[in-house]
Amino acid sequence: MANPLKLPTIPPFALPTLVARLGARLPQWPHSLNLALALNAAKKLGVLPEDSLRELEGRHFRVTVLDTGMVADFAYRQGAFRPVFVSSGQPDLHFTARLSAFLQMVSRQEDPDTLFFNRSLSIEGDTELGLRVKNMLDALEWPRLSWQGLRPTFLKP
Amino acid sequence: MAKPQLVCPAGSLAALKAAVDNGADDVYLGFRNDTNARNFAGLNFDDKALAEGIRYAHQRGRKVLVAINTYAQAGRFADWTASVDKAAELGVDAVIIADPAVLDYAAQAHPDMRRHLSVQASATSYEAINFCREKFGIQRAVLPRVLTLAQVENVIRHTEVEIEVFGFGSLCVMNEGRCWLSSYATGESPNTVGACSPAKFVQWEKKPTEMDVRLNGILIDRYGNDENAGYPTICKGRFEVAGETYYAMEEPASLNVVEMLPEIIRIGVSAIKVEGRQRSPTYVAQVTRNLRQAIDAAVAAPDKFVVKPAWMAELGKVAEGSQITLGAYNRPWR
């Protein structure tokens, strides 16, 4: 359960500062688009609970990955995640962390409260919305995939 | 020597499965309403999730305990009795209750369903526990984290009620079940709405060199960028007292009893509880796995019990404030 996707153990790391400097100069819209697409795909798979999603209606989110310079803005409107390309004002909720902390969190290698306590993860904005999103992510039951399972059948012994 | 049950928290079905998979004997949880003291947005179990959780646990020979451990609010007693009825209908193994009126209802309406006295009942003496045994037929009592180990032993010697103690997790200021600090700042507290420092009153504000946290406008703490943060509760804030700014009530830290496990087992504790229904399945898995190993080692060879650094490292990492303490168990004063 600690690592249901059977990803390799992710150590804490920081990408070279050059990566962030370059990344911040690149257009950010592809990140927003990709993240919104991925979230909608998860929604379609039924991984995200509908009752919790309803509570996100009309809210604007931002995810900042410090060491890649990536910033993704998206909103949940009319039952779907939509990229926000021209950011107007402050988001309702803003997650900031290094890439390794985000990976550790989604792979369930580290607990979000632990990352928050040790300041690897910053959550700003509407605290209740943040708690709701955190609890929604915590409650997700990832399919028990493994890289083994994803290999084409002709490669299996 | 009796082996204490390991009682682990679950705020979601994923966390329940993590607890069971990593060796919990009992899992405790709450409904999605203010009848439990971890009533946070998006947390806890609806009927469908609870039914699936019970099925998962029972298939593997584990028990599910439901906390209905807030105090029934005026004019809404039916909400609490409905939770008790729902727990009975779904076939849980026990209910954990604080309010004497709710306990009385459970004893009358469902005499065969086990009743545990919640920590929120704040029963610290064997007289209080025996009273609840006599009046409401409780089978187990969860002791508040205010007693020394010698005092816990004294309680155990004078009651036939099973005694459960906290073994790991965030600590409350030493006034459990009677704390009104959250209400003082917000008008809401665990006993009334099921949440300490409800999130809608909490504001984290990041500045270039520090982070402020306020509860309903009251500045609770200001963290430097290299300092660990804690839960935004008044008891763990830093305040200016007589010209000095420090943790005026208590430091954010987690209880960790691993090093005193042989003693806890020797005095006859029936169950060891892990705090943290608000935490993720990752936390539940990490804490359950390490405590399972430690308890098994302490039961197998109490005299040769050695604390493994790996247990302490993983438990220390997930601790609030990344600090651990033995809390009241080993304090020298009474």
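1. Let me start with a small feature of chain B. Strands E11(B) and E12(B) form a hairpin with 2 residues between them. In that turn, B:Ala242 has a positive phi of about 50°, so you may like to look there first. Please keep in mind throughout that this is a predicted model.

2. The two arms of that hairpin are strand E11 (residues 238–241) and strand E12 (residues 244–247) of chain B, which run antiparallel and are joined by 4 bridges. One pairing to pick out on screen is B:Glu240, whose bridge partner in E12(B) is B:Thr245.

3. Now to the layout of chain B. The chain is divided into domain 1, which covers 5–171 + 253–330, and domain 2, which covers 181–247. Between the C-alpha centres of domain 1 and domain 2 of chain B there are 26 Å. The contact draws on 15 residues of domain 1 of chain B and 10 residues of domain 2 of chain B. On the domain 1 side of chain B, the residues touching domain 2 are 8 polar, 4 nonpolar and 3 charged.

4. Next, a helix pair in chain B: H1(B) and H10(B). Their axes come within 8 Å and cross at roughly 15°. Because of that angle, H1(B) counts as roughly parallel to H10(B), and H1(B) passes H10(B) in a right-handed crossing. From H1(B), the contact is made by B:Ala14, B:Ala15, B:Ala18 and B:Ala19; from H10(B), by B:Pro281, B:Val284, B:Ala285 and B:Thr288. By class, these residues are 7 nonpolar and 1 polar, with no charged residue.

5. A second helix pair in chain B is worth setting beside it. Helix H3 (residues 77–90) and helix H4 (residues 100–109) of chain B have axes 10 Å apart and pack at an angle of about 45°. That angle makes H3(B) oblique to H4(B), and the crossing of H3(B) and H4(B) is right-handed. H3(B) brings B:Phe77, B:Trp80, B:Thr81, B:Val84 and B:Asp85 to the contact, while H4(B) brings B:Ala101, B:Val102, B:Tyr105, B:Ala106 and B:Ala109. The residues of this contact of H3(B) with H4(B) divide into 8 nonpolar, 1 polar and 1 charged.

6. How do the chains meet? In this model, 33 residues of chain B are in contact with 27 residues of chain A. On the chain B side, the elements giving two or more residues are helix H1 (13–21), strand E8 (202–206), helix H10 (281–300) and helix H11 (309–318). H1(B) and H10(B) from point 4 are thus both on that list. The class make-up of the side of chain B that touches chain A is 14 nonpolar, 12 polar and 7 charged residues.

7. Finally, a sheet in chain A. Here 5 strands form an open sheet with mixed pairing, in the order E3-E2-E1-E4-E5. Strand E3 (80–83) and strand E5 (121–125) of chain A stand at the edges; each has a single partner strand, so one side of each is left without a neighbour in the sheet. From one strand to the next, the twist averages 20°.

8. At the E5 edge of that sheet, strand E4 (residues 93–97) of chain A and E5(A) run antiparallel and are joined by 5 bridges. A handy pair to display is A:Thr96 with its bridge partner in E5(A), A:Ser122.

Key
Residues numbered from 1 in each chain as written. Chains lettered and ligands numbered in written order. Predicted model: local features only at pLDDT ≥ 70, side-chain atom pairs only at ≥ 80, totals over all residues. Contact = placed C-beta atoms within 7 Å. Nonpolar A, V, L, I, M, F, W, Y, C, P; charged D, E, K, R; others polar. Axes fitted to C-alpha atoms, helices over the stretch in contact; angles between N-to-C directions. Parallel < 35°, antiparallel > 145°, perpendicular 65-115°, else oblique. Left-handed = near helix turned anticlockwise from the far one by under 90°. Domains from an automatic or database assignment. Pairing = 2+ DSSP bridges.
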